[in-house]
Amino acid sequence: MQELLQHLQAQLSQQSYLEIVAVILALIYVYLAARQNIWCWPSALLSTAIYTYLFWEVTLPFHVVLNVYYMLMAIYGWRQWQGLSSQALQVKSWSVQRHLLWIVLLVIGSLLLSTGASSVFDEQYLYLDAFITVFSVFTTVLVAHKVRENWLYWIVIDLVSAYLFFAKGLVLTSLLFMLYTFFAFYGYLQWGKNRSNSALSAAES
């Protein structure tokens, strides 16, 4: 246990200021997203711009592409949350069957992507990199459209990401993703309350 703590302390001392800034902005993003505050998207844009560079430095190619996608989705999410009409976008849920279908397709997509990239990148964690990337792309769309179950996907994604980033020496980012799991639980509960309140208001009107 003492050796693990010493290793953790040594890695923390090597973290860059850029990673610290990215972590702070990422925490702001997920907190504001859970509160359905539209200013989560500018925080996401800045954080993912920094992470695009950081992931390139530690050879996580899919995560580089993923964070470029996140930057585009931050702009899309901002516009989507502004509402396409005078009525703001409301929280919704998908059926279990619909989620299961997408999970099967995403797992297949992850395997195909990692297998195809293995001939180009000789990387130990390529399969995890692909899995996180494919599921994160899908789940970010769910966030932008306010599908409540996005938070359940993030719980799994965040736990797997925490392991991957620790293995890559990005300790602060690993700790960030551990915190993300708690925010994901919080977001799921918060969005559930919002959905219940919206349904109650509709019934009373």
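Hi everyone. The protein I brought today has eight helices and zero strands, and please keep in mind that this is a predicted model. Reading along the sequence, you get the pattern α-α-α-α-α-α-α-α. Of the 205 residues in the protein, 44% are buried. As for the contacts between residues at least 6 apart in sequence, 75% of them join residues at least 24 apart.

Let me begin with one helix pair. How do helix 4 and helix 6 cross? Helix 4 covers residues 61-82 and helix 6 covers residues 126-144; their axes come within 10 Å and cross at roughly 5°. Angles under 35 degrees count as roughly parallel, so helix 4 is roughly parallel to helix 6. On the helix 4 side, the residues making the contact include P61, F62, L66, Y69, Y70, M73, Y76 and W81. Helix 6 brings, among others, L126, D129, I132, V137, V141 and V143. If you sort the residues of this contact, you find 15 nonpolar, six polar and one charged.

Now to the aromatic rings, which I enjoyed looking through. The count comes to 15 aromatic pairs. Take F55 and F165: this pair is stacked, with 5.2 Å centre to centre and 15° between the planes. F55 lies in helix 3 (residues 40-57) and F165 in helix 7 (residues 150-167), so the pair ties together parts that are 110 residues apart in sequence. Are these two buried or exposed? Both F55 and F165 are buried.

Next, have a look at W151 and W191. Their ring centres are 5.5 Å apart and their planes stand at 90°, so this pair is edge-to-face. W151 belongs to helix 7 and W191 to helix 8 (residues 171-204), so here the parts tied together are 40 residues apart in sequence. Both W151 and W191 are buried.

Which cluster do these two tryptophans belong to? Ring pairs link W151 and W191 with Y29, W41 and W81. You have met W81 already, since it is one of the helix 4 residues in the contact with helix 6. W81 also has a charge for company: the charged end of K146 sits over its ring, 4.7 Å from the centre.

There is another arrangement of this kind to show you. The charged end of R148 sits over the ring of Y188, and here the distance to the ring centre is 3.7 Å.

That's my tour, and I'm happy to take questions. If you open the model yourselves, W81 is a nice place to start, with K146 over its ring and the ring cluster around it to explore.

How values were computed:
Residues are numbered from 1 along each chain as its sequence is written. This is a predicted model: local features need pLDDT of at least 70, side-chain atom pairs count only at pLDDT 80 or more; totals for chains, interfaces and linings use all residues. Side-chain values use heavy atoms; hydrogens and water are left out. Axes are lines fitted to C-alpha atoms, for helices over the stretch in contact, and angles run from 0 to 180 degrees between N-to-C directions. Helices (H or I, at least four residues) and strands (E, at least two) are DSSP runs, numbered from the N terminus. Angles under 35 degrees count as roughly parallel, over 145 as roughly antiparallel, 65 to 115 as roughly perpendicular and the rest as oblique. Contact means heavy atoms within 4.5 Å. Ala, Val, Leu, Ile, Met, Phe, Trp, Tyr, Cys and Pro count as nonpolar, Asp, Glu, Lys and Arg as charged, and the others, Gly among them, as polar. Rings of Phe, Tyr and Trp (its six-membered ring) pair if their centres lie within 6.5 Å; planes under 30 degrees apart count as stacked, over 60 as edge-to-face and the rest as tilted. Buried means under 20% relative accessible area, exposed over 50%, partly exposed in between (1.4 Å probe, protein chains only). A charge sits over a ring if NZ of Lys or CZ of Arg is within 6 Å of the ring centre and within 35 degrees of the ring normal.
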